[in-house]
Number of protein chains: 2
Amino acid sequence: MIVEKYGGTSVADVDKIKAIAKHVADIKKRGHDIIVVASAMGKTTNKLIALAKEVGYATNDRELDSLLSTGEQQTVTLLAMAIEAQGVPAISLTGYQAGFITSNHHAHAHIKDIDITNIQKHLDDGKVVVVAGFQGATENGEITTLGRGGSDTTAVALAAKLGWNCYIYTDVDGVYTIDPRIYPQAKLLPEITYNEMMQMACLGSGVLETRCVEIASKYNLQLFLGRALETDLTKGTFIMEYKHIEDMPITGISVKDDYAIMRVRNIDNDGVFIGRLFQLIADLNVNIDTISQQEGEAGKVNFTFYCNSTQSDLIVNNYDEKEYGYPIERILGFCKISVVGVGISTHSGIASTILNTLTKNNIRYYQITSSEISVSLTIERHDKEKAVAVLAKAFDL
Amino acid sequence: MIVEKYGGTSVADVDKIKAIAKHVADIKKRGHDIIVVASAMGKTTNKLIALAKEVGYATNDRELDSLLSTGEQQTVTLLAMAIEAQGVPAISLTGYQAGFITSNHHAHAHIKDIDITNIQKHLDDGKVVVVAGFQGATENGEITTLGRGGSDTTAVALAAKLGWNCYIYTDVDGVYTIDPRIYPQAKLLPEITYNEMMQMACLGSGVLETRCVEIASKYNLQLFLGRALETDLTKGTFIMEYKHIEDMPITGISVKDDYAIMRVRNIDNDGVFIGRLFQLIADLNVNIDTISQQEGEAGKVNFTFYCNSTQSDLIVNNYDEKEYGYPIERILGFCKISVVGVGISTHSGIASTILNTLTKNNIRYYQITSSEISVSLTIERHDKEKAVAVLAKAFDL
């Protein structure tokens, strides 16, 4: 009994939909119960957003949700038809029909519950159930979408509710030790723990949203991530609670690009300015990290944090020096490299290996932060590829 | 308080949607309550049907309905956004959200009831309500479509439920005495009765489905048919119970193209063969008309009927001469011309004017049928334009 999820690139055209339909029908013919979750075809969502902007869409997320939900609805009906053409009964369900009851936070709703009555009925009737990803409805029947990673969340939440395993098919082979676009020699990981995957996701590896891994972890659900219709069964990554192979202390390196350092010097150490600055940052909905405070001149302090370059524009444009009393400095051109692995807390010397490796290769690092399973460093952007390469070699990634 | 309906060509692109939004917002700003019903943009429905066929759609109308319903859902969300961009609050509703409860006859569902609670709430909140045409849902939340003329039916049914007037905007100026593609000198009718309109619709004038006119007639609802965003207010046709102008006995001529004569000669007059033939015709879902029986040789009878050429193929391909005992003849190349007008029953000499006019112009006619408000004749197809022209002249159409 499995839930399979296919992303937009996997269902981008009729031939791909037919190939997936054949694969799904074969699984069903072998006697398995199967639920398929699908995203909108190819670039449909982006096209719909562009149309919305053209007609003057400003802030009405209620309408945008209803518009975008049509993308997945189209895919699942086509996929159900294609599965039936393979001689296997199938039915498509919108998020609403599939029982996804969500909060009313349009554009980023969260799932409150899944009423599986309808899905269960169709499974009992021997049908393949094809569920529109990314969407649900409030108790009042208002259509909502789940925001980033939405279709993955649909699949994982459904698998959790049913206690089934979940296979997420996409246009990558699985989780790599390092993003192959940065480091082509990176290795495909056969296994990764939930915690490592969450760290990798948080720290910039875009293959799976943290939210999905959280749900999988909470329900101890086996997740698989691989390429759609891959025939080489040794490919792909299982995401689970414990790895079978424990001899590798480091699982991977993740890179978050485009960092800016923001700094305010010599402020009074009474918390007043910091409180006001944090309020501004919260109002602007900017995510900052690696916050630190150092001693400045004459009992004053220097305050530093990092954020994404684009978001730093928001701060610079909304920070009024006269109002706050101190000038704010911004230095662009950084990135953050994180070494991730469950072995970090149990294997000694990981941090020193990282720092020694960088120093030996003349790579300057700035802030360092660490958690139980990760060590992160801010470095200059032009050092990115070199740093990744030397660390990958040091940890055999 | 008005219901306006815009067809697919009227909302075919972003500029048209914006222009309609401005028009609708202006009406709302002048203090009127308004509900807008919209079809899918341009050729969206045909494109979706083509996609369905490509993935192998055969007979699953349940899936096709869910697929096609996305077309109208996209239009209404975009239109609601565009109206809001004009500074007027608006909300889009799918057929389901608008309370359209239908039978479960997918692809040609009929409306069982409209629960207007949700629509009324949004109207009370001062919003323009934009309703997806052509669609509804069963009591179980299964998405259905209303079949031919579906969006017009949505608008008219809603107007009937609310007791409002209904304006149907399309890509024609209104109802003409004769289809202008056949007879360019045809006149635009300012008024037409429900009965005349139903005859015109039945007899081949494609501007409005009979079903819509039936509902309008039942609820004595004033229907208007005109071109979207037409600024000349003298244009367009009102469809109502009685015309204000009664001096014109004939309202128009409608033409049904592509007729075939089907004939079986010298059959036993015991009803057995006719019963079996009618069963075949019903099984094939073929619409036939102008059925007649004449005396044949030696106490036998000849049986004749007309049907659409394409549908006649179905009969020819499924009629097994050995099984039925008689050969069936088919003669292609006919069309049916109908002269329509409420004055036919009260003005004498209409039929003789028609027949004399045709005879004088050497146009041969075959079957003749008539009703209270129409006289129909089968003629050879090559005589079509000539017959229309001489009859139009005879009745000053």
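How much area do chain A and chain B bury between them, and what share of it is on carbon and sulfur atoms? In this predicted model, the two chains bury about 3,100 Å² between them, with 58% of that on carbon and sulfur atoms. Below is a quick tour of that interface, then of one helix in chain A, and finally of two residues in chain B with a positive phi.

**Where chain A meets chain B**

- Val55(A), Glu63(A) and Met81(A) supply 22% of the area that chain A buries against chain B, more than any other three residues.
- In terms of contacts, 38 residues of chain A touch 38 residues of chain B.
- Looking for salt bridges across the interface? The rule finds zero of them.
- Polar contacts do turn up: 17 residue pairs across the interface, with both partners at pLDDT 80 or more.
- On the chain A side, α1 (14–29), α2 (44–55), α3 (61–84) and β3 (90–93) each supply at least two residues.
- The most comes from α3(A), which puts 16 residues into the side that touches chain B.
- Sorted by class, that side of chain A has 20 nonpolar, 12 polar and six charged residues.

**Helix α9 of chain A**

- This helix runs over residues 309–318, and its Ser309(A), Ser312(A) and Ile315(A) are buried.
- Those three sit on the same side of α9(A), because they cover an arc of only 100 degrees around the axis.
- The spacing fits a general rule: an α-helix has 3.6 residues a turn, so residues three or four places apart point the same way.
- Flip to the other side of α9(A) and you find Thr310(A) and Asn317(A), both exposed.
- The cover over the buried residues of α9(A) includes β13 (252–267), α8 (272–283), β15 (301–308) and β16 (329–340) of chain A.
- Have a look at the start of α9(A) too: a side-chain oxygen of Asn308(A) comes to within 2.8 Å of the backbone nitrogen of Thr310(A).

**Two positive phi values in chain B**

- As background, most residues other than glycine have a negative phi.
- Phe134(B) is not a glycine, yet its phi is positive, at about 75 degrees.
- You'll find Phe134(B) in the loop between β6 (128–132) and β7 (135–137) of chain B, where it is buried with a relative accessible area of 13%.
- Asn266(B), also a residue other than glycine, has a positive phi near 50 degrees.
- Asn266(B) lies in strand β13 (residues 252–267) of chain B and is partly exposed, with a relative accessible area of 24%.

How values were computed
Residues numbered from 1 in each chain as written. Chains lettered and ligands numbered in written order. Predicted model: local features only at pLDDT ≥ 70, side-chain atom pairs only at ≥ 80, totals over all residues. Heavy atoms only, no water. Contact = heavy atoms within 4.5 Å. Buried area = accessible area lost by both parts, 1.4 Å probe. Salt bridge = Lys/Arg side-chain N within 4 Å of Asp/Glu carboxyl O. Polar contact = N/O pair within 3.5 Å; in protein donor to acceptor, adjacent residues only side chain to side chain. Helix = DSSP H or I, 4+ residues; strand = E, 2+ residues; numbered from the N terminus. Nonpolar A, V, L, I, M, F, W, Y, C, P; charged D, E, K, R; others polar. Buried < 20%, exposed > 50% of the residue type's maximum accessible area, 1.4 Å probe, protein only. Arc of directions from axis to C-beta.
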